[in-house]
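The following paragraphs explain a protein structure step by step. Please keep the sequence and the three-dimensional view at hand while reading.

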Amino acid sequence: FKLIFAAILGGAFSYVTKNNSESESNYAMIDMAMISVLATSLVGLTVQLPNDFRGFAVGAAIFTVLHVTNSIIKLEDLTYRLQILFTSIIGIIVGVGYILQAALLCFVLFMILNNSVSLLNAFRDDAKEGSDLISRENN
């Protein structure tokens with residue numbers, strides 16, 4: 001059950017990059033879905049251990065997922081690396097059992113990535129208008 005949600009959320013999160021070609025976009029979607037499923041399966045398995053070993057095992061699983069993910073994507077550009085890391089974090093959150101929170105994180109990251117250019121332009125315009133007002137007041 002969790003694996004299905006992890007694959008859906010991982011694939012949906014990879015859908016935010018629309019500047020790649022169609023074949024590269026499909027491979028990215030499959031890659032991110034598989035990383036999310038890997039993270040969910042490792043963390044979901046360790047959550048089921050008895051209470052005596054659960055804390056250490058979950059910590060080791062989270063470290064393993066992040067280390068494997070980081071070692072796979074060392075040569076990629078920063079935006080793609082961040083997307084892969086957040087996909088693994090979404091998989092970790094689903095593996096712990098917080099599916100709604102993972103979907104909310106996926107939505108927030110989707111909105112940030114799709115609107116980052118317009119947000120930065122709005123901040124630049126506000127800063128430019130503020131500096132123009134200050135320069136007019138000084139004259």
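Two residues are said to be in contact when they have heavy atoms within 4.5 Å. With this meaning in mind, one may turn to Ile92, which touches Ala39, Val43, Ile62, Val65 and Leu66 when residues up to four places away in sequence are not counted. Ile92 belongs to helix H4. Its relative accessible area is 9%, and because buried means under 20%, Ile92 is classed as buried. A further pair involves Ala102: this residue is 10 residues from Ile92 in sequence, and their C-alpha atoms are 8.7 Å apart in space.

The setting of these residues is the whole chain, which is a predicted model. Its secondary structure comprises 5 helices and 0 strands, in the order α-α-α-α-α along the sequence. Of the 139 residues in the chain, 29% are buried. Among contacts between residues at least 6 apart in sequence, 61% join residues at least 24 apart. The chain exposes about 9,200 Å², and carbon and sulfur atoms supply 66% of this area.

Helix H4, the home of Ile92, covers residues 78-96. What span should its 19 residues have at 1.5 Å a residue? The expected value is 27 Å, and the end C-alpha atoms of H4 are 27 Å apart, so the two agree. The buried residues of H4 are Tyr80, Gln83, Ile84, Thr87, Ser88, Ile90, Gly91, Ile92, Val94 and Gly95. A general rule is helpful when reading such a list: an α-helix has 3.6 residues a turn, so residues three or four places apart point the same way. Just after H4, Gly97 takes a positive phi of about 120°.

Two of the buried residues of H4 lead towards other parts of the chain. Thr87 has a relative accessible area of 1% and is therefore buried. Leaving aside neighbours within four places in sequence, Thr87 is in contact with Gly10, Phe13, Met32 and Ser36. Gln83 is also part of H4, and its relative accessible area of 4% means that Gln83 is buried. Gln83 and Gly10 are separated by 73 residues in sequence, while their C-alpha atoms are 9.7 Å apart.

Gly10 and Phe13 are among the buried residues of helix H1, together with Ala6, Leu9, Gly11 and Ser14. Helix H1 runs over residues 2-14, and at 1.5 Å a residue its 13 residues should span 18 Å; the end C-alpha atoms are 18 Å apart, which agrees.

Another helix, H3, consists of residues 51-72 and contains Thr69. Is Thr69 buried or exposed? Its relative accessibility is 1%, so Thr69 counts as buried. The side chain of Thr69 reaches the backbone oxygen of Val65 at 2.7 Å. When neighbours within four places in sequence are set aside, Thr69 is in contact with Ile35, Ile84, Leu85 and Ser88. Of these, Ile84 and Ser88 are listed among the buried residues of H4.

The surface completes the picture. Leu66, Leu78, Leu82, Phe86 and Ile89 form a nonpolar patch there, with about 400 Å² of accessible area together. The largest share of this patch, 4 residues, comes from H4. Leu66 lies in H3, and because its relative accessibility is 32%, Leu66 counts as partly exposed. Leu66 is also one of the residues that Ile92 touches.

Notes:
Residues numbered from 1 in each chain as written. Predicted model: local features only at pLDDT ≥ 70, side-chain atom pairs only at ≥ 80, totals over all residues. Heavy atoms only, no water. Helix = DSSP H or I, 4+ residues; strand = E, 2+ residues; numbered from the N terminus. Expected span 1.5 Å × (residues − 1). Buried < 20%, exposed > 50% of the residue type's maximum accessible area, 1.4 Å probe, protein only. Polar contact = N/O pair within 3.5 Å; in protein donor to acceptor, adjacent residues only side chain to side chain. Patch = residues over 30% accessible without salt bridge, like charges linked within 9 Å, V, L, I, M, F, W, Y side chains within 5 Å. Areas by Shrake-Rupley, 256 points an atom, 1.4 Å probe, with all protein chains shown as cover. Salt bridge = Lys/Arg side-chain N within 4 Å of Asp/Glu carboxyl O.
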